[in-house]
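Please open the model in your viewer and keep a selection panel at hand. The stops below each begin with something to select and go on to what can be found there.

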Amino acid sequence: MSTKLNEKQLIAIHLLASGVKASIVAKQIGTREETLSRWRQIAEFKEALDDATEDILREIVETHKNLLISSQNIIYDALNNEDLDLFKKANLALRYLSLIKGKDDIMKKSSDNLFRFTL
């Protein structure tokens, strides 16, 4: 981020990019919402906010992917565990399938949002 932005602006950028409402951001940094609105019109502020939002979205997508991979590895290990009886394996497999039904849309939406910020 640029050094031309002051400390309050940098804090506002971080909070706004994290999804905090403008009214709460204004209270936390001791300014008015109108000031935040004016800052959003400044090209440098807008660019820094877009960059921060993109970084946060990228981190969320990466975390989501890592959790999914870890979860799938655990399920895979459980299904291949010879000590686990077939009924428990079948129950685990059915629960997994029911949970992931339609979940591809969540990952696609997250990736689409990230892609929009990179344009």
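Helices here are DSSP runs of type H or I with at least four residues, numbered from the N terminus. Keep in mind throughout that this is a predicted model.

**The whole chain**

Begin with a cartoon of the entire protein, whose secondary structure amounts to 6 helices and 0 strands, so that the order along the sequence, by the definition of a helix used here, reads α-α-α-α-α-α. If you then colour by burial, buried residues account for 22% of the 119 residues. Switching to a surface shows an accessible area of about 9,100 Å², and 55% of that area belongs to carbon and sulfur atoms. For a contact map, consider the pairs at least 6 apart in sequence: 55% of these contacts join residues at least 24 apart.

**The nonpolar core**

Next select Ala12, Ile13, Val25, Leu36 and Phe45, which have the most contacts inside the largest nonpolar core, a set of 15 residues. At least two residues of this core come from each of helix H1 (7–17), helix H2 (22–29), helix H3 (33–40) and H4, with H1 giving the largest share, 5 residues. Keep Phe45 selected and, setting aside its neighbours within four places in sequence, show what is in contact with it: Leu5, Gln9, Ala12, Ile13, Leu16, Trp39 and Arg40.

**Along helix H4**

Now move to helix H4 (residues 43–79) and select Asp50 together with Lys46, two residues of this helix that lie 4 residues apart, about one turn. An α-helix has 3.6 residues a turn, so residues three or four places apart point the same way. Asp50 and Lys46 form a salt bridge in which the closest N and O atoms are 3.3 Å apart. Asp50 is partly exposed at 28% relative accessibility, and Lys46 is also partly exposed, at 45%.

Select Arg58 and Glu54 next, whose side chains meet in a salt bridge with an N to O distance of 2.8 Å. These two are likewise 4 residues apart in helix H4, a separation of about one helical turn. Is Glu54 buried or exposed? With a relative accessibility of 14%, Glu54 counts as buried, because the cut-off for that class is under 20%, whereas Arg58 is partly exposed at 39%.

While still in helix H4, select Thr53, which is buried with a relative accessible area of 14%. Which backbone atom lies 2.8 Å from a polar atom of the side chain of Thr53? Adding Leu49 to the selection shows that the atom is the backbone oxygen of Leu49.

**A salt bridge at Arg32**

A search of the whole structure finds 3 salt bridges, and one of them is seen by selecting Glu34 and Arg32, whose side chains meet at 3.2 Å, N to O. Arg32 is exposed, with a relative accessible area of 55%, while Glu34 counts as partly exposed at 43%.

**Helix H5 and its cap**

Finally, select helix H5 (residues 86–100), which has 15 residues and spans 21 Å from its first C-alpha to its last, close to the 21 Å expected at 1.5 Å a residue. Extend the selection to Asp85, which caps the N-terminal end of H5, and draw the distance from a side-chain oxygen of Asp85 to the backbone nitrogen of Phe87, which comes to 3.0 Å.

Note on methods
Residues numbered from 1 in each chain as written. Predicted model: local features only at pLDDT ≥ 70, side-chain atom pairs only at ≥ 80, totals over all residues. Heavy atoms only, no water. Buried < 20%, exposed > 50% of the residue type's maximum accessible area, 1.4 Å probe, protein only. Contact = heavy atoms within 4.5 Å. Areas by Shrake-Rupley, 256 points an atom, 1.4 Å probe, with all protein chains shown as cover. Salt bridge = Lys/Arg side-chain N within 4 Å of Asp/Glu carboxyl O. Core = buried A, V, L, I, M, F, W, Y, C linked by side-chain atoms within 4.5 Å. Expected span 1.5 Å × (residues − 1). Polar contact = N/O pair within 3.5 Å; in protein donor to acceptor, adjacent residues only side chain to side chain.
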